[in-house]
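Here is a short note for a colleague opening this entry for the first time. Please keep the viewer open and follow the points in order.

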Amino acid sequence: MADYRKMWESLGLNLEAHDQLMDILPPTYGTVFLNQENRPEAMEYFDFVFSEVHGQRIQELLDHKAADGKVIGAFCVYVPEEIIRAAGGICIGLCSGADIGTAQAEKVLPRNICPLIKSFMGFKLGKVCPYFESCDMVVGETTCDGKKKAFEILNDYVPVHVLETPHMKREKDKALWRSEVRDFLTEVEGYTGNKITLDSLRQAIKESNDKRRALLRLNELRRYDPAPISSKDCLLIEQIAMYDDVSRFTAQVNALCDELEKRVQESRGVTEPGAPRLILSGTPMALPNWKVPHVIETSGAVIVAEEMCTGLRYFENLVPEEGENIEQLVEAIADRYLDINCACFTPNEGRMKKLVTLAEELKADGVINCTLAFCDPYLVEANRVEKVLKGHHIPLLNLETDYGQEDSGQIKTRVEAFLEMLDK
Ligand code: SF4
Ligand code: SF4
């Protein structure tokens with residue numbers, strides 16, 4: 001790897017803490033990803049992107065900034081990336097999937113708050129994330145209470161624009177959300193100094209849709225038995241989707257799909273045919289959180305879809321591309337995002353329907369619903385998930401976990417017992 005220390009220093013990173021993070025990541029990555037057998041060759045690109053996670057991509061962001069471009073960070077799949085792109089900005093999904101800077105985070109947050117919120121505060125206060133330090137602005141949202149209040153604190157360290165996401169999906173909520181997205185467009189134009197035009201918005205919608213189409217194509221290929229690719233690799237790709245260059249990423253996912261189509265024709269998979277097929281649902285698994293999929297797939301099952309924000313919720317709906325003016329396109333963008341089934345909405349029937357449809361269409365043997373500790377929306381919604389899946393005779397395992405590794409053994413025992421119960 002090139003020597004990026006000067007670049008990290010120029011970003012004001014705490015190099016000692018950053019070194020500790022970079023010491024942990026490669027061996028973990030090796031164990032989780034590189035030890036897999038029969039991996040598609042096209043995963044080489046994603047391995048490279050990850051190996052350069054704090055290197056080449058950061059350099060690209062800094063080059064963009066040097067040419068007067070803006071980098072805007074987001075923590076939620078509700079942030080309309082099309083608008084940022086249409087104004088010439090780069091939208092980066094900030095990860096927050098590791099226990100870093102916990103001591104600093106706990107100085108400003110309660111101890112019993114969800115690990116994702118604690119992680120993003122820890123990354124910022126601990127100065128370990130070059131993406132965070134490259135951001136000119138962060139976009140927050142009012143999805144859950146913990147995040148909403150944490151953004152007030154984060155605003156002391158980086159400018160934060162908060163989108164008011166409604167918690168219901170009635171017509172008046174839709175009207176509120178559309179007006180929020182319109183205001184966001186004005187804010188982004190002011191921040192970047194670039195006027196969004198009909199052509200730039202159309203182009204940005206098309207590029208974001210192309211990325212979603214590639215991810216949908218990848219997801220579609222997972223319905224075959226044996227599955228041609230592991231969930232761990234798909235999750236990695238879904239995590240990388242949030243920060244990689246959009247056009248390059250799209251091309252690489254499509255190249256991977258070309259390879260997977262051949263594997264399907266040859267019945268080559270990552271497991272033996274007939275391995276238990278599961279759907280993974282729940283809270284997002286932000287980079288580098290791979291614990292549960294690793295446990296599941298090393299226990300002999302294969303995950304065939306992630307009903308999560310690092311998964312289907314990120315790419316399942318496209319924005320209609322045919323609007324005739326900016327207003328129509330902005331409404332189309334707003335409506336597409338409001339269709340995301342986050343547990344912050346009440347009721348959240350869309351998620352229940354999706355889980356049942358997915359289980360039926362993908363011939364899944366069961367669902368694992370995995371929730372981050374202290375995440376009230378998803379922990380409470382586990383009750384609805386259980387009731388609905390029971391009504392459709394779909395086996396379910398509920399898990400609650402955090403970013404520590406201490407419970408890996410216990411999770412493995414529960415997953416193995418679940419797989420045994422499926423009697424495959
Ligand atoms: S779970 Fe909800 S709050 Fe979290 S990223 Fe998804 S949509 Fe946003
Ligand atoms: S995981 Fe739950 S508590 Fe944490 S930020 Fe997302 S919705 Fe909020």
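1. **The enclosed space.** Under the rule used here, the count is 1 cavity of 30 Å³ or more. The largest cavity has a volume of about 60 Å³. Its lining includes Thr283, Pro284, Met285, Asn289, Lys291 and Val292. Further along the chain, Cys370, Thr371, Leu372, Thr401 and Asp402 also line the largest cavity. Please bear in mind that this is a predicted model.

2. **What builds the cavity wall.** Two elements, H14 and strand S7 (366–372), give two or more residues to the lining of the largest cavity. The largest share comes from S7, with 3 residues. By class, the lining of the largest cavity has 5 nonpolar, 4 polar and 2 charged residues.

3. **An open pocket.** Now turn to the second largest pocket. About 470 Å³ of space lies in it. The second largest pocket has 21 lining residues. Nearest its centre lie Ile24, Thr28, Pro288, Tyr403 and Gln405. Helix H2 (15–34) and H14 each supply at least two residues of this lining. H2 gives the most, with 7 residues. The lining of the second largest pocket divides into 10 nonpolar, 9 polar and 2 charged residues. H14 thus appears on two lists: it contributes to the lining of the largest cavity and to that of the second largest pocket.

4. **Two cis peptide bonds.** Most peptide bonds are trans. Which residues does a cis bond with omega of about -5° join? They are Leu287 and Pro288. Pro288 is found in the loop between strand S5 (277–282) and helix H14 (291–297). Pro288 also belongs to the group nearest the centre of the second largest pocket. A cis peptide bond also joins Thr346 and Pro347, with omega about -15°. Pro347 lies in the loop between helix H16 (326–338) and helix H17 (349–361). Please inspect both bonds in the viewer.

5. **Positive phi angles.** Most residues other than glycine have a negative phi. Lys127 is not a glycine, yet its phi is positive, about 55°. Lys127 sits in the loop between helix H7 (115–126) and helix H8 (130–134). Is Lys127 buried, partly exposed or exposed? Lys127 is partly exposed, with a relative accessible area of 36%. His393 has a positive phi too, near 55°. The loop between helix H18 (376–391) and strand S8 (396–401) holds His393. With a relative accessible area of 73%, His393 counts as exposed, because exposed means over 50%.

6. **A covered strand.** How many of the residues of strand S3 (residues 137–141) are buried? The count is 5 of its 5 residues. In a regular strand the side chains alternate between the two faces of the sheet. In S3, Met137, Val139 and Glu141 point one way. Val138 and Gly140 point the other way. All of these residues are buried, Glu141 included.

7. **The neighbours of S3.** Strand S1 (residues 71–74) pairs with S3 in the parallel sense over 3 bridges. Ile72 stands opposite Met137. S3 also pairs with strand S4 (residues 160–163), again in the parallel sense, over 4 bridges. Here the bridge partner of Val139 is His161 in S4. What joins S3 and S4 in a β-α-β unit? Helix H9 (residues 145–154) does, and the unit is right-handed.

8. **Ligand 1.** Check the shell around this ligand next. Phe75, Cys76, Val77, Tyr78 and Thr143 are among the residues that surround ligand 1. So are Lys147, Pro284, Cys309, Cys342 and Tyr378. By class, the shell around ligand 1 has 8 nonpolar, 1 polar and 1 charged residues. Pro284 is also part of the lining of the largest cavity.

9. **Ligand 2.** Around ligand 2 stand Cys114, Ile117, Cys144, Lys147, Thr283 and Cys375. This shell has 4 nonpolar, 1 polar and 1 charged residues. Lys147 takes part in the shell of ligand 2 and in that of ligand 1. Thr283 also lines the largest cavity.

Notes:
Residues are numbered from 1 along each chain as its sequence is written. Chains are lettered from A and ligands numbered from 1 in the order in which they are written. This is a predicted model: local features need pLDDT of at least 70, side-chain atom pairs count only at pLDDT 80 or more; totals for chains, interfaces and linings use all residues. Side-chain values use heavy atoms; hydrogens and water are left out. A residue is near a molecule or strand if one of its heavy atoms lies within 4 Å of it. Ala, Val, Leu, Ile, Met, Phe, Trp, Tyr, Cys and Pro count as nonpolar, Asp, Glu, Lys and Arg as charged, and the others, Gly among them, as polar. Buried means under 20% relative accessible area, exposed over 50%, partly exposed in between (1.4 Å probe, protein chains only). Two strands pair if DSSP finds at least two bridges between them. A crossover is right-handed if, with the strands pointing away from the viewer, the path from the first strand over the helix to the second runs clockwise. On a 1 Å grid over the protein atoms alone, a cavity is a set of points where a 1.4 Å probe fits but cannot get out, and a pocket is an open set with protein on both sides within 12 Å along at least five of seven lines; lining residues have an atom within 4 Å of a point. Grid points are joined across faces, edges and corners, and a volume is the space filled by probe spheres set on the points.
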